[in-house]
Amino acid sequence: MSKAHTPVITIERDSAIPLYEQIARPIEVAILSGELPAGAMIEDEVSMAARLDVARPTARRALQELVNKGLLSRRRGVGTRVTPTHVHRPMKLSSLNEDLSDAGFTPSTKVLNYLVREADAEEAELLGIQPGDGVLSVRRLRFADDHPLAILSNIIPLDIAPTWQELGAHGLYRCLSNRGVLIASAQQEIGARGADAEEATTLGEDVGAPLLTMHRVGRNAEGRSVEIGDHVYRPGLYSFKFSLFSS
């Protein structure tokens, strides 16, 4: 097991700055400067509290502040480590789950909502079905190394819809592939807006914090629309990567 790093931290007990901020800030600076590289192990809260002569809840809050910012990852049996600070996603037809794995992250998914209902007129037009036809409306929270990264909302025709269990274990495109449905093309729009109250709570951001948005309609090789995606991402941890050509 690698040795835990103990960043230099100076405590000023007469300062108006809370002790947990005095602990968290030097660690944040060390991470952002590269002094503490991705994967570096940080001492645990018990050791930190003893070394700095502060209460254990103070050390715990300092570390949790950095976890909330996506700078540290805390996992049982693994410890507290510096996490990669950004996910650069290539602009290609691929699953976010697969892109995270390829980039060295450990992805996981929590299914927030799973609802079978009738398609409205707009959804029916995008999917090439009739209003009132059955669709699955699913909303998932995607994590990268235990950090909430994105909220993924999708509408899928009911005849090819994956189960709750499948969507909790795999990316959507893998679930569709298991049903013989391959995404061959897509129309995609990328934008930005402020987080609403629900999104802020789910992603650990402030209300109004900027979020990247992505709207996608994916089609199979025959041109059938097989999914509508409306996703939001934390821009502090995530970006899209484009390749541009002159012609």
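Met 41 stands opposite Arg 81 in strand 3. This is a predicted model. The facing residues belong to a pairing between strand 1 and strand 3, which spans residues 79-82. The two strands run antiparallel and pair over 2 bridges.

**The sheet**

Strands of a sheet pair through backbone hydrogen bonds, either parallel or antiparallel. Here the sheet is open and has 3 strands, with antiparallel pairing. Their order is 1-3-2. Strand 1 (41-42) and strand 2 (72-75) stand at the edges. Each has a single partner strand, so one side of each lacks a neighbour in the sheet.

Helix 3 covers residues 56-68. This helix lies across strand 1 and strand 2. Its direction makes an angle of about 115° with strand 2.

**The rings**

How many aromatic pairs does a search of the whole structure find? The search finds 1. Tyr 114 and Trp 164 form this pair, and the pair is tilted. The ring centres are 5.8 Å apart, with 50° between the planes. The pair links distant parts of the chain, as its residues are 50 residues apart. Tyr 114 sits in strand 5 (residues 107-118), and Trp 164 sits in helix 6 (residues 164-169).

Are the two partners buried, partly exposed or exposed? The table gives the result for each.

| Residue | Relative accessibility | Class |
|---|---|---|
| Tyr 114 | 28% | partly exposed |
| Trp 164 | 40% | partly exposed |

Partly exposed covers the range between under 20% (buried) and over 50% (exposed). Tyr 114 has 28%, so it counts as partly exposed.

Another ring has a charged residue over its face. Arg 61 lies over Tyr 20, at 3.8 Å from the ring centre.

Notes:
Residues are numbered from 1 along each chain as its sequence is written. This is a predicted model: local features need pLDDT of at least 70, side-chain atom pairs count only at pLDDT 80 or more; totals for chains, interfaces and linings use all residues. Side-chain values use heavy atoms; hydrogens and water are left out. Two strands pair if DSSP finds at least two bridges between them. Helices (H or I, at least four residues) and strands (E, at least two) are DSSP runs, numbered from the N terminus. Contact means heavy atoms within 4.5 Å. Axes are lines fitted to C-alpha atoms, for helices over the stretch in contact, and angles run from 0 to 180 degrees between N-to-C directions. Rings of Phe, Tyr and Trp (its six-membered ring) pair if their centres lie within 6.5 Å; planes under 30 degrees apart count as stacked, over 60 as edge-to-face and the rest as tilted. Buried means under 20% relative accessible area, exposed over 50%, partly exposed in between (1.4 Å probe, protein chains only). A charge sits over a ring if NZ of Lys or CZ of Arg is within 6 Å of the ring centre and within 35 degrees of the ring normal.
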